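User: I'm new to this one and would like to learn how to read it. Could you walk me through it?

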Amino acid sequence: DACYLVSGGLRGFGLRTAEWLASKGARHLLLISRSGPQTLEAQEAIARLEAQGVSVHAAACDVTDRNALAALLAETATTLPPLQGIVHAAALIDDRLVRNIDADQIRSVLAPKVLGAHHLHELTRDRKLDLFVLFSSATTPFGNPGQASYVAANACLEALAEHRRAIGLCATCVGWG
């Protein structure tokens with residue numbers, strides 16, 4: 001009787017994580033992405049999950065928009081079981097060598113990961129969550145050519161996880177490799 005939110009949950013790692021959560025017994029999923037369930041991949045995955053008895057609420061919600069995220073959390077608090085876990089898998093990949101990076105590129109890559117994670121943290125820090133998982137990368141300690149902004153965003157996620165643990169909140173930051 002709990003709900004699990006997955007940002008970036010309608011494609012890639014996020015969608016696979018939603019399917020994994022369902023395989024472990026999650027029966028209520030709140031899957032969000034900027035565009036919502038527009039792709040065939042997302043629609044087919046939702047149908048598969050629902051065929052397994054999983055209640056899926058898929059929504060277009062940009063995690064960088066605090067007001068939109070707050071509104072969605074308020075709306076679903078009345079229609080879904082209590083939120084017990086968050087997996088933040090939202091990301092934007094825009095690889096460029098450092099000499100070709102501009103402020104817009106840095107902002108666009110950092111925003112979904114960093115600002116999204118910060119909003120999720122702030123909007124739910126008063127809730128007793130079972131999990132708060134952030135998706136980082138093994139590139140964070142090592143770097144990766146062309147991914148300076150992505151690496152910086154992941155370093156911020158790791159710092160947020162440390163902060164949450166320091167104040168007694170759950171947090172796991174997965175450094176995919």
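User: How many disulfides does the count come to?

Analyst: In general, a disulfide is a covalent bond joining the sulfur atoms of two cysteines. Here the rule is a pair of cysteine sulfur atoms within 2.5 Å, and the count comes to 0. This is a predicted model, where local features need pLDDT of at least 70 and side-chain atom pairs count only at pLDDT 80 or more, while totals for chains, interfaces and linings use all residues. Residues are numbered from 1 along each chain as its sequence is written, and side-chain values use heavy atoms, leaving out hydrogens and water.

User: Where is the nearest cysteine sulfur to C61?

Analyst: That sulfur belongs to C3, 13 Å away, and C61 is in no disulfide. C61 counts as buried, at 5% relative accessibility (buried is under 20% relative accessible area, exposed over 50%, partly exposed in between, with a 1.4 Å probe and protein chains only).

User: Why is there no bond between C170 and C173?

Analyst: Because their sulfurs are 13 Å apart, too far for a bond, although C173 has the closest cysteine sulfur to C170. C170 is partly exposed, at 24%.

User: In what order do the strands of the sheet come?

Analyst: Strands of a sheet pair through backbone hydrogen bonds, parallel or antiparallel. Strands are DSSP runs of E, at least two residues, numbered from the N terminus, and two of them pair if DSSP finds at least two bridges between them. Here 6 strands form an open, parallel sheet, ordered β3-β2-β1-β4-β5-β6. At the edges are β3 (55-60) and β6 (172-176), each pairing on one side only. Between β1 (residues 3-7) and β4 (residues 83-88) there are 5 bridges; C3 has L83 as its bridge partner in β4.

Notes. Helix = DSSP H or I, 4+ residues; strand = E, 2+ residues; numbered from the N terminus.
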